[in-house]
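Let's take a walk through this fold, one piece at a time. Keep the structure open in your viewer and follow along.

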Amino acid sequence: MAAAPLHDTAASPVGAPDLARIIVTKVFVRGLKVDAQIGVYDHEHGRVQPLVVDVELDVAASHCERLGDTVNYEMVGEAARAIAAEGHIDLVETFAERLAQACFFDPRVTRARVRVEKPLALAPHAAAAGVEITAVRG
């Protein structure tokens, strides 16, 4: 008995049922540069330091055809700059947590991974130091 041929997806007519279902869409921003007043040491107070931020969001969205169907990644940059503009922050952990919380303002975000690097923290001995957190909607 001959095996049945596999379905040729390239020949599927428009409007054919989907063969796969998108469960999670990942929205990400990598290498976002933000200047912030950050640090616990006296020499870090009253001065701005660069941060490099990576964010990855799990979004409950599928079949995105328009910007309104998903999370706009520009929101991540706006939120990071707004947090920096609020004033001095002692720890990069605090910055990361505030940014993760800001991402949850969109109800479709189910998980946020936020990495914050402080390039000057251990210079010239290290390229950067920082923290990465993962937060899930409660």
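Strands S3 and S4 run antiparallel and are joined by eight bridges. If you want a spot to anchor your view, look for Val-116, which stands opposite Val-131 in S4. Keep in mind while you look that this is a predicted model.

Now turn to the other partner of S3. Eight bridges also join S2 to S3, and this pair runs antiparallel too. Here a handy marker is Asp-54, which stands opposite Arg-115 in S3. Is S3 enclosed or open to the outside? Seven of its 10 residues are buried, so S3 is largely enclosed by the rest of the structure.

Zoom out for a moment to see where these strands sit in the whole. The protein chain has two helices and four strands, and reading along the sequence you get β-β-α-α-β-β. Of its 138 residues, 34% count as buried. Contacts reach a long way along the chain as well: among those between residues at least 6 apart in sequence, 61% join residues at least 24 apart.

Next, the inside. In soluble globular proteins, nonpolar side chains tend to be buried together. In this model, the largest nonpolar core has 34 residues, and those with the most contacts inside it are Val-53, Leu-57, Phe-95 and Leu-99. At least two residues of this core come from each of strand S1 (25-36), strand S2 (49-59), helix H1 (74-85), helix H2 (92-103), strand S3 (109-118) and strand S4 (129-136). H2 gives the most to this core, with seven residues.

Leu-57 is a good place to park the camera. Which residues does Leu-57 touch once its neighbours within four places in sequence are left aside? Its contacts are Thr-25, Lys-26 and Val-27, then Val-71, Met-75 and Val-76, and finally Cys-103, Val-109, Arg-111 and Ala-112.

From the core, move over to the largest pocket, which holds about 190 Å³ of space. It is lined by 13 residues, and the closest to its centre are Leu-91, Val-92, Glu-93, Lys-118 and Ala-121. H2 and S4 are the elements that give two or more residues to this lining. Which element gives the most to the lining of the largest pocket? That would be S4, with three residues. As for chemistry, the residues of the lining divide into seven nonpolar, two polar and four charged.

The loops have a couple of details to look at too. In the loop between S3 and S4 you'll find Pro-124. The peptide bond joining Ala-123 and Pro-124 is cis, with omega at about 0°.

Over in the loop between S1 and S2 sits His-45. Why does His-45 count as partly exposed? Because its relative accessible area is 38%, which falls between the 20% limit for buried and the 50% limit for exposed. Leaving aside its neighbours within four places in sequence, His-45 is in contact with Gly-39, Val-40, His-88 and Asp-90. Take that last one: His-45 and Asp-90 are 45 residues apart along the chain, while their C-alpha atoms are separated by 8.9 Å.

Definitions and conventions:
Residues numbered from 1 in each chain as written. Predicted model: local features only at pLDDT ≥ 70, side-chain atom pairs only at ≥ 80, totals over all residues. Heavy atoms only, no water. Core = buried A, V, L, I, M, F, W, Y, C linked by side-chain atoms within 4.5 Å. Buried < 20%, exposed > 50% of the residue type's maximum accessible area, 1.4 Å probe, protein only. Contact = heavy atoms within 4.5 Å. 1 Å grid on protein atoms, 1.4 Å probe; cavity = no way out; pocket = protein on both sides within 12 Å on 5 of 7 lines; lining within 4 Å. Points joined across faces, edges and corners; volume = space filled by probe spheres on them. Nonpolar A, V, L, I, M, F, W, Y, C, P; charged D, E, K, R; others polar. Pairing = 2+ DSSP bridges.
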